[in-house]
Amino acid sequence: MLETLKYLMGSAGSTGFGSKSTAEEVTEASPDLRSITAIITGATSGIGLETARVLAKRGARLVLPARNLKAAEETKARIAADFPGSHIIVLPLDLSSLSSVRSFASRFLSLGLPLHLLINNAGKFSHDHAVSEDGIEMTFATNYLGHFLLTKLLLNGMVETARETGIQGRIVNVSSSIHGWFSGDGIRYLDLITRKKIPYDATRAYALSKLANVLHTKELAERLKEMDADVIVNCVHPGIVRTRLTRDREGFVTDLAFFLASKLLKTIPQAAATTCYVATHPKVAGVSGKYFADSNEASPSSLGTNRHEAARLWRVSEAMAAERPQRTGFGQDSLPLNRTVEM
């Protein structure tokens, strides 16, 4: 009850920020980001767009991966109109396609640019069951697995950038408090819904993908520590906000739910605040493997802190993301999830 009251009142936490803080406010401590190159997925609308706008205002060079290049070019033009002189690069990327992720990484690396900041923001909430071209349930493929592979392919470049520039690299995974709604064996559940062995529950599938973001953060932080890399990784809950994420669920019920919850909703500038705080604020330097909400460190679900599950998901993710000729999903020839690695 106390936490709910603090949220509604926008009370500041130990960082000096709270639920009512905006992305512009939390980046005032880092007003000059001209030395920073940032990749932001899902930056054509909502929280991602506001994140890109604020980082551009502070001077960061932006790389905007997008499936819809027209929308990305419009975003680029909009930001450039607000902040003339902004350096923004648009490249194609479909996170649900592992081959597209590899192509994007190859294109970016060929530019020879440094990479200080990777914000894995893009998300999908689809009401209907679908499977990616790689044979993975679509919400999981888009929200988690594509970002897992993207981070893996760019990580060495981030480590090298940090070593050469002396600027600590940062990776921000955008999760959700909904990750706590998932319980049970996530890998087994993914296998079952992908192969349509059980009825599809869109909310549970989304919660699993967001839990995977949290577990990815935990395991990656441990691996970066072992590498002695000057790169940190954290995940964030942006808060409750109505964005295009719900575009597959528009209708009377969705409209009514958001109306009833209107007092809990954040504005988009408020929802982008925690991402921008974790991405830029000096107080986050050296902090890794943590979960943030309302621009303050918070506690994820108990499953989200499970080191064994984090390591297990990593092993399975590497197997799923590995290049294979004629990968067709979870059939016998392509190794079902529950046979890929030790369970």
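The lining of the second largest pocket receives at least two residues from each of helix 8, strand 6 (231–237) and strand 8 (296–298), where helices (H or I, at least four residues) and strands (E, at least two) are DSSP runs numbered from the N terminus. The model is a predicted one, in which local features need pLDDT of at least 70 and side-chain atom pairs count only at pLDDT 80 or more, while totals for chains, interfaces and linings use all residues. Residues are numbered from 1 along each chain as its sequence is written, and side-chain values use heavy atoms, with hydrogens and water left out.

Helix 8 gives the largest share of this pocket lining, 6 residues. The volume of the second largest pocket is about 350 Å³, and of its 21 lining residues, Ala221, Glu222, Ser288, Gly289 and Lys290 are the closest to its centre. By class, this lining comprises 10 nonpolar, 5 polar and 6 charged residues, with Ala, Val, Leu, Ile, Met, Phe, Trp, Tyr, Cys and Pro counted as nonpolar, Asp, Glu, Lys and Arg as charged, and the others, Gly among them, as polar. Pockets and cavities were both defined on a 1 Å grid over the protein atoms alone: a cavity is a set of points where a 1.4 Å probe fits but cannot get out, a pocket is an open set with protein on both sides within 12 Å along at least five of seven lines, and lining residues have an atom within 4 Å of a point. Grid points are joined across faces, edges and corners, and a volume is the space filled by probe spheres set on the points.

A search of the whole structure for enclosed space returns 3 cavities of 30 Å³ or more. The largest cavity holds about 140 Å³ of space and is lined by 15 residues, among which Gly186, Ile187, Leu208, Leu215 and Leu313 lie nearest its centre. Two or more residues of this lining come from each of helix 7 (186–194), helix 8 (202–227) and helix 12 (307–321), with helix 12 supplying the largest share, 5 residues. The lining of the largest cavity consists of 11 nonpolar, 2 polar and 2 charged residues.

The second largest cavity, with about 50 Å³ of space, is lined by Asn120, Ala122, Asn143, Tyr144, His147, Asn173, Val174, Lys210, Asn213 and His216. Helix 6 (138–165), strand 5 (169–174) and helix 8 each contribute at least two of these residues, and the lining divides into 3 nonpolar, 6 polar and 1 charged.

The structure also contains 8 aromatic pairs, a pair being formed by rings of Phe, Tyr and Trp (its six-membered ring) whose centres lie within 6.5 Å, with planes under 30 degrees apart counted as stacked, over 60 as edge-to-face and the rest as tilted. The pair of Phe17 and Tyr277 is edge-to-face, because the ring centres are 5.8 Å apart and the planes stand at 65°. Phe17 belongs to the loop between helix 1 (2–9) and helix 2 (23–26), whereas Tyr277 lies in helix 11 (residues 273–280), 260 residues apart, and both are buried (under 20% relative accessible area, with exposed over 50% and partly exposed in between, for a 1.4 Å probe and protein chains only). The rings of Phe148 and Trp314 are likewise edge-to-face, because their centres are 5.0 Å apart and their planes at 80°. Since Phe148 lies in helix 6 and Trp314 in helix 12, this pair ties together parts that are 166 residues apart in sequence. Phe148 and Trp314 are both buried, and they form one aromatic cluster with Phe140 and Tyr144.
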